[in-house]
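Got your viewer open and ready? Let's walk through this one stop by stop, picking residues as we go.

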Amino acid sequence: MEYAQPIALLLVAAVGAWIALQQMLIARTKLQHDLFDRRHAIFHAARMFIAMVGIKAGHIDLSDLGAFSAKTLDAEFLLNTEIAEYLAQLSRRGAALAGISEETGHPVSGEVGDLSKAIAEKWAEIRWFNDQLDVLKHKFAPFLRFKR
């Protein structure tokens, strides 16, 4: 009988520790799911931006660039610096492509050679963006996999 009370206390402590461990595991899993959702939103925004370049044949509006930048603003905090820099590169090249599209849409000079060069640059950029669909998947894959 003398040992009943310490054993009961030990049992209560063990059950409490087990419950605390389960709560910690649940919290960790919830964090992984929340991070996944936020990271996937950035991935989705980048994928849609890249796809839009192809769909619109490189005719990017400033509103498209602004929306992309706004949706990917937290990338450095949720992913890593490399991906944040990659997304900034997509934005810069998108802005450059918008400028090239403006040149080819409204040629100022009468030089056919200048227009041909601008059109060639535009299609080279569009091809680069098209190639980025695979690059994007590769860069984001480590952040969008669930660990068991």
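Before the first stop, one cut-off helps: a residue is called buried when its relative accessible area is under 20%, exposed when that value is over 50%, and partly exposed in between. Keep in mind, too, that what you're looking at is a predicted model.

**Stop 1: helix 2**

Select residues 62-71, which make up helix 2. Which residues here are buried? Colour Asp64, Leu65 and Phe68, and you have them. These three span an arc of only 95° around the axis, so they sit on the same side of helix 2. There's a simple pattern behind pictures like this: an α-helix has 3.6 residues a turn, so residues three or four places apart point the same way. Now turn to the other side of helix 2, where Leu62, Ser63 and Ala70 are exposed.

**Stop 2: the ring cluster**

Keep Phe68 on screen and add Phe49, Trp128 and Phe129, because ring pairs link these four into a cluster. The count of aromatic pairs comes to four. Take Phe49 and Phe129 to begin with: their ring centres are 6.0 Å apart and their planes meet at 75°, so this pair is edge-to-face. It also links distant parts of the chain, with Phe49 in helix 1 (residues 4-55), Phe129 in helix 5 (residues 112-144), and those positions 80 residues apart. Buried or exposed, these two? Phe49 and Phe129 are both buried.

Next, look at Trp128 beside Phe129. Here the ring centres lie 5.1 Å apart with the planes at 90°, so this pair is edge-to-face as well. Trp128 is buried, and so is Phe129.

**Stop 3: charges over rings**

Stay with Trp128 and show Arg93. What sits over the ring of Trp128? The charged end of Arg93 does, 3.8 Å from the ring's centre. For another example, select Lys139 and Tyr86: the charged end of Lys139 sits over the Tyr86 ring, 5.1 Å from its centre.

**Stop 4: a patch on the surface**

Switch on the surface and pick Leu11, Val15, Trp18 and Ile19. Together they make a nonpolar surface patch of about 420 Å². Trp18 belongs to helix 1. Its relative accessibility is 55%, so Trp18 counts as exposed.

**Stop 5: further along helix 1**

Find Phe36, which is also in helix 1. Phe36 has a relative accessible area of 21%, so it is partly exposed. Now add Leu78 and draw a line between the two C-alpha atoms: Phe36 and Leu78 are 42 residues apart in sequence, and 9.3 Å apart in space.

**Stop 6: the loop after helix 1**

Where is Ala57? Look in the loop between helix 1 and helix 2. The phi angle of Ala57 is near 50°, a positive value in a residue other than glycine. With a relative accessible area of 23%, Ala57 is partly exposed.

**Stop 7: helix 4**

For the last stop, go to helix 4 (residues 81-105) and select Glu103. Glu103 has a relative accessible area of 48%, so it is partly exposed. Bring up Asp114 as well: from C-alpha to C-alpha, Glu103 and Asp114 are 9.6 Å apart in space, and 11 residues apart in sequence.

Notes. Residues are numbered from 1 along each chain as its sequence is written. This is a predicted model: local features need pLDDT of at least 70, side-chain atom pairs count only at pLDDT 80 or more; totals for chains, interfaces and linings use all residues. Side-chain values use heavy atoms; hydrogens and water are left out. Rings of Phe, Tyr and Trp (its six-membered ring) pair if their centres lie within 6.5 Å; planes under 30 degrees apart count as stacked, over 60 as edge-to-face and the rest as tilted. Helices (H or I, at least four residues) and strands (E, at least two) are DSSP runs, numbered from the N terminus. Buried means under 20% relative accessible area, exposed over 50%, partly exposed in between (1.4 Å probe, protein chains only). A charge sits over a ring if NZ of Lys or CZ of Arg is within 6 Å of the ring centre and within 35 degrees of the ring normal. The arc is that of the directions from the helix axis to the C-beta atoms. Patches are made of residues with over 30% relative accessible area and no salt bridge: like charges are joined within 9 Å, nonpolar side chains (Val, Leu, Ile, Met, Phe, Trp, Tyr) within 5 Å. Accessible areas come from the Shrake-Rupley method with a 1.4 Å probe; for residues, only the protein chains shown count as cover. A salt bridge is a side-chain nitrogen of Lys or Arg within 4 Å of a carboxyl oxygen of Asp or Glu.
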